[in-house]
Amino acid sequence: MSRMVGREVRLVSRPVGWPGPENFAVVRTGVPDPGEGQVLVRNRWMSVDPYMRGRMDDGESYIAPFEVGAVLEGHAVGEVVASGAAGVPVGATVSHFAGWREYALLDAADVAVVDVSVARPQDHLHVLGQTGLTAYLAVTEVARVRPGDVVFVSGAAGAVGSLVGQLARRFGAARVVGSAGGAQKARVLTEVFGFDAAVDYRAGGVAEQLAVAAPEGIDVYVDHVGGEHLQAAIGALRPGGRAALVGMISGYSAAEPVPGPSNLYDVVVKHLTLRGLLVTEYYDRLPGYVAQAARWLADGSLRSRETVVEGIARAPEAFLGMLGGANVGKMLVRL
């Protein structure tokens, strides 16, 4: 055992409704030496993401819940500081799934060496990682944006949504409308990310504002919010419209089941397609996507933004802020 000490964040209780700081604890712990075939990583960046809220509950899902008393986990990027694996040398930058801690001991098979010559390390948690792949799949495969389409994106100032709008334009959308909370975020959509119009859901009804932004209706909807946004989008979708359902953050911390849209019969009469998207089913596509997106990022045609919180002790704060919409682009913690 090395004499190094690191900090990690553990789940100490399951939240009922909206989570709070009392559900987390920052704990100091010893740092082990790597054995044969293992690497020790000093994490430098970690991601906090909406799906983590579901993992705080003890229920069946596509991914196992966090265990009470155990360190949380999620995507992170760091530097190998000790190695017992010939293929992953000391000094390599790697991505992995053991975030929420300063040091991670991992089998070499559970890390991926990332090329920091094509982009910054943290970009591999955002535009060149799961976030970017999700946006790409929503636009190119699940909802299939076609030339001339009108596209509506909820949660458009967030990590995935901000990329969806830009990729929709790249693949032929004629008009892209995004929804965000607050006038400042609405301006970011049009001034930074290139959306044609923005819906500020805090300023009025989503359906009414969408009718102004897209008076002839929409062809594609990419949903990260659910609730009122999903109902408005179903109402606005034209016959044959498609929706990619990526997330429904409006209901993640609800204490009771959230009612579904009241206009689901529109899906029948307008022969709409609503299709869910779990990026975990498409990880084999990541290398090909990264090769494309790295070029777009380098030439400036794909813009990324991030909100950075400093230090492992503030990781719960970053997570809670992300759930409440405090971020523009990707919420990251620099360790």
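**A first look at the predicted chain**

Good morning. The chain before us has nine helices and 15 strands. Please keep in mind that this is a predicted model.

Let me begin with the overall form. The C-alpha atoms occupy a box of roughly 65 × 45 × 35 Å along the principal axes. The radius of gyration is 20 Å, and this agrees with the value near 20 Å that a compact globule of 335 residues would have. Of those 335 residues, 51% count as buried. The chain exposes about 14400 Å², and carbon and sulfur atoms supply 52% of that area. As for contacts between residues at least 6 apart in sequence, 68% of them join residues at least 24 apart.

I turn now to two individual residues. First, is V268 buried or exposed? V268 is exposed, because its relative accessible area is 54%, and the exposed class begins over 50%. This valine lies in helix α7, which spans residues 265-269. Together with Y265 and V269, V268 makes a nonpolar surface patch of about 330 Å².

The second residue is S304, located in the loop between α8 (286-298) and β14 (306-310). S304 is buried, since its relative accessible area of 16% falls under the 20% limit. Which residues does S304 touch, leaving aside those up to four places away in sequence? They are R120, D123, H126, V127 and L297. S304 and Y62, for their part, are 242 residues apart along the chain, and their C-alpha atoms are separated by 28 Å.

Thank you for your attention.

Definitions and conventions: Residues numbered from 1 in each chain as written. Predicted model: local features only at pLDDT ≥ 70, side-chain atom pairs only at ≥ 80, totals over all residues. Heavy atoms only, no water. Patch = residues over 30% accessible without salt bridge, like charges linked within 9 Å, V, L, I, M, F, W, Y side chains within 5 Å. Areas by Shrake-Rupley, 256 points an atom, 1.4 Å probe, with all protein chains shown as cover. Salt bridge = Lys/Arg side-chain N within 4 Å of Asp/Glu carboxyl O. Helix = DSSP H or I, 4+ residues; strand = E, 2+ residues; numbered from the N terminus. Buried < 20%, exposed > 50% of the residue type's maximum accessible area, 1.4 Å probe, protein only. Rg over C-alpha atoms; globule rule 2.2 N^0.38 Å. Contact = heavy atoms within 4.5 Å.
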